[in-house]
Amino acid sequence: MRRAQNIYVLGLVLAACVAAMAGCGSSSSTANQTQPLTNIKKRVLVSNEAGVVRIVDASNDTLSTKTIAISAPIKMVKAGGFTIIGQNAALVGIFNDATETLDFNTPTADVSNDVAVSPDGSTAWIAERNVGLVQAVSTSTGAVVANIPIPNVVRLSMSPNGTRLLAFTDTLKPLANADSFWVIDTNSVVNTPNKTASPVTAASLDQPFNAIFNGSETQALILNCGKPCGGSGVGSNVSKIDFTTPATPTTIATVPVLAATTGLINGTSLFVAGTPLASAFGTLQVIDTGSLTVVGAASQIADGIHLKMATTSNNRLYIASKTCTPGPVNSANQQVGCLSIANISAAPGASGFPIIRPLESAFRQNLDVTGFQQVSGRNIMYVVQGGEFDIFDIGLDAPSPTITQIDIVGVAIDAVQIDP
């Protein structure tokens, strides 16, 4: 408990120092101002941890010569004409999609573990575990407008209209709030420095990992990791919780599952993935969002830590994993990695959905899948895996054999389309 209190104090001190050094947090960037517009109509940004964001012309899968210099960019999210660039450095980038410039590269109290953005693009939110802070940054001024202490915060989930931000930690028992998530009322904390968040505790919570919203601002489907994440409570489950009043939440329903660290709603189906404790495989399950019951059998997918999913226009579900167990290397020096593709065009059968495990080069530094982006209006999915940028044909469930693959020099992390 004393260590947690120290993190609170350290976070607040660092936040104060950052505000003082940066004039309340803003730091404009001029390095990219002199480069002309690309005039590309369908742009995809690719973060490269080597210190640059690249622009891909997604209409023809070619790399623009224009580069955005930024320290160690990792996860990116976009809304309202801005792309928020989290970094493996104590900075957060505010990229203006229209001008293709880095408007601000705001100093933060520590490196970002996760980033989120309000639906209107007005505010960026940064989770900083090492100092136990969530910071809010204005995209119009680059200023830090809120510092919210939450010990060990690692993940963020924004409500549909942006009035609530849920924060998740990796705190373990016996520390306080180990089986809690936190609610930030975004309307009340912006421009109210050092505002606190409200913890939510319920009997169904067991190492809550993330949240999936389904239209409501004050209700969410909470993914509980349970034992795979060091929990010792009710086990892995999905709990629908009403947190209108965080101090007295209402558990509407609890659905036991095999594992749960990531989820995605498609129509009336909630897809949930994770890796059960001591299992050689991950699992994919489906929950009907109306009845809140599991539908059909579980599918076996790559093991590891599942953090991201994406659907395609032809009813495929791409599932990302990190630190998975790779398959054996074949004679062509290829192996199955951390990517699983489920064919969800029909209900799961006796063995779940048909699962495709694409091969990739065994020479890559790792097989972690860290980014997805289906290109609008095309049968193309960009997959960032093993630090590389792969162009998949969604009809083949494999890298396109007719498109020249793009070589990202460095370590590609994420991809996000910023045009319709």
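Ala, Val, Leu, Ile, Met, Phe, Trp, Tyr, Cys and Pro count as nonpolar, Asp, Glu, Lys and Arg as charged, and the others, Gly among them, as polar. The model is predicted: local features need pLDDT of at least 70, side-chain atom pairs count only at pLDDT 80 or more, and totals for chains, interfaces and linings use all residues. Residues are numbered from 1 along each chain as its sequence is written, and side-chain values use heavy atoms, with hydrogens and water left out.

**Exercise 1. Describe the second largest pocket by volume, lining and residue class.**

Step 1. Fix the term. A pocket is found on a 1 Å grid over the protein atoms alone: it is an open set of points where a 1.4 Å probe fits, with protein on both sides within 12 Å along at least five of seven lines. Lining residues have an atom within 4 Å of a point.

Step 2. Take the volume. It is about 150 Å³ for the second largest pocket, counted as the space filled by probe spheres set on the points, which are joined across faces, edges and corners.

Step 3. List the lining. It has 13 residues, and Ser269, Val286, Ala347, Pro348 and Phe353 lie nearest the centre. Strands S21 (269-274) and S22 (282-288) each supply at least two lining residues; strands here are DSSP runs (E, at least two residues), numbered from the N terminus.

Step 4. Sort by class. The lining holds eight nonpolar, four polar and one charged residues.

**Exercise 2. Find the largest nonpolar core and the strands that supply it.**

Step 1. Set the rule. A nonpolar core joins buried Ala, Val, Leu, Ile, Met, Phe, Trp, Tyr and Cys residues through side-chain atoms within 4.5 Å. Buried means under 20% relative accessible area, exposed over 50%, partly exposed in between (1.4 Å probe, protein chains only).

Step 2. Count. The largest core has 18 residues. Trp125, Val134, Ile148, Ile150, Leu156, Leu165 and Ile184 have the most contacts inside it.

Step 3. Assign strands. S9 (123-128), S10 (133-138), S11 (144-149), S12 (153-158), S13 (164-169) and S14 (180-185) each give this core at least two residues.

Step 4. Look around Leu156. Beyond four places in sequence, Leu156 touches Asp114, Trp125, Val134, Leu165 and Asn210, among others; contact means heavy atoms within 4.5 Å.

**Exercise 3. Locate the disulfides and give their handedness.**

Step 1. Apply the cut-off. A disulfide is a pair of cysteine sulfur atoms within 2.5 Å. The count comes to two, with the pairing 1-2, 3-4 when bonded cysteines are numbered in sequence order.

Step 2. Take Cys225 and Cys229. Their S to S distance is 2.0 Å. The S-S torsion is about 75°, so this disulfide is right-handed. Cys225 is buried at 2% relative accessibility, while Cys229 is partly exposed at 24%.

Step 3. Take Cys324 and Cys338. Their sulfur atoms are 2.0 Å apart. The torsion is about -85°, so this disulfide is left-handed. Cys324 lies in the loop between S25 (316-322) and S26 (334-336), and Cys338 in the loop between S26 and S27 (340-343), so the pair ties together parts 14 residues apart in sequence. Cys324 is buried at 12%, and Cys338 is buried at 1%.

**Exercise 4. Place Thr171 and name its contacts.**

Step 1. Thr171 lies in the loop between S13 and S14.

Step 2. At 5% relative accessibility, Thr171 counts as buried.

Step 3. Leaving out residues up to four places away in sequence, Thr171 touches Pro151, Asn152, Ala176, Ala178 and Gln207.

Technical notes:
Helices (H or I, at least four residues) and strands (E, at least two) are DSSP runs, numbered from the N terminus.
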